[in-house]
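User: I have a new structure to look at and would like a short walk through it. Could you put it up?
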Amino acid sequence: MKRAIYPGSFDPVTFGHMDIIRRSAGMFDEIIVGVLNNSQKNSLFNADVRVTILEGLLKEFDNVYVEAFDGLLVDFAKKKDANIIVRGLRAVTDFEYELQIAQTNRVEYPKLDTVFLVTDLNYSYLSSSIVKEFASFGGDISKFVPESIIPMIEDAYTYSKRIK
Ligand code: ADP
């Protein structure tokens with residue numbers, strides 16, 4: 001049984017993430033999308049909301065599960081009995097950090113392998129931060145994120161403007 005974890009913040013999930021999930025679901029028996037509960041980060045949606053959004057978008061995949069986690073990824077991987085981590089690589093700028101994390105994780109948990117999927121050219125520029133930047137200025141984000149979550153993102157910014 002090849003069980004892999006695809007960890008990230010997914011705040012919000014983008015077409016780039018969806019592409020990595022779809023491709024890795026075809027490679028491994030089971031994918032757990034691990035939603036990092038980064039309470040100190042100033043996130044757009046809390047982890048429970050991000051989990052609910054992802055579950056809704058990933059209903060069609062019967063081997064993909066979504067779960068929030070906090071603390072170390074290696075501990076989550078051990079708990080889930082998974083020894084593969086999937087990460088997406090967009091550009092050289094991702095590489096150095098990802099390599100360091102992957103190697104550190106292996107020191108902590110030698111059975112753990114990190115598999116990097118090279119981003120689809122269509123999404124290589126795309127990040128959650130870019131989506132937030134655009135949305136905060138009322139930009140069109142329909143090319144970046146699934147249509148069903150656009151109202152939630154727009155509402156979050158409208159609300160934050162109202163309380164300022
Ligand atoms: P993190 O804060 O852990 O980087 P993200 O939610 O930003 O979390 O990203 C999760 C994973 O998805 C990372 O491996 C990241 O490189 C990958 N990723 C993000 N955007 C894209 C994209 N456009 N194409 C492919 N992979 C991506």
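Analyst: We can go through the chain, then the ligand, then a loop.

Analyst: This is a predicted model, where local features need pLDDT of at least 70 and side-chain atom pairs count only at pLDDT 80 or more, while totals for chains, interfaces and linings use all residues. Residues are numbered from 1 along each chain as its sequence is written, and side-chain values use heavy atoms, with hydrogens and water left out.

User: OK, how many helices and strands are there?
Analyst: The chain has six helices and five strands, where helices (H or I, at least four residues) and strands (E, at least two) are DSSP runs numbered from the N terminus. Their order along the sequence is β-α-β-α-β-α-β-α-β-α-α.

User: And what radius of gyration does the chain have?
Analyst: The chain has 16 Å, which agrees with the value near 15 Å for a compact globule of 164 residues; the radius is taken over C-alpha atoms, and the globule rule is 2.2 Å times the number of residues to the power 0.38.

User: Switching to the ligand, which residues come nearest?
Analyst: Of the 15 residues around the ligand, those are Tyr6, Phe10, Gly88, Thr119 and Tyr123, with a residue counted as near if one of its heavy atoms lies within 4 Å.

User: Which polar side-chain or backbone atoms lie by its oxygen atoms?
Analyst: A polar side-chain atom of Tyr6 lies 2.6 Å from a ligand oxygen, and a backbone N or O atom of Gly88 also lies 2.6 Å from an oxygen atom of the ligand; a polar contact is a pair of N or O atoms within 3.5 Å. In addition, an N or O atom in the side chain of Arg90 is 3.3 Å from a ligand nitrogen.

User: Which elements give two or more residues to the shell?
Analyst: They are strand S1 (3-8), helix H1 (15-25) and strand S4 (84-89).

User: What about the loop between S1 and H1, where is the cis peptide bond?
Analyst: The cis bond joins Asp11 and Pro12, with omega about 0°, and Pro12 lies in that loop between S1 and H1. Phe10, which has its place in the loop between S1 and H1 too, has a positive phi of about 50° although it is not a glycine.

User: Why point those out?
Analyst: Because most residues other than glycine have a negative phi, and most peptide bonds are trans.

Terms used
A polar contact is a pair of N or O atoms within 3.5 Å; within protein, one must be able to donate a hydrogen and the other to accept it, and residues adjacent in sequence count only if both atoms are side-chain atoms.
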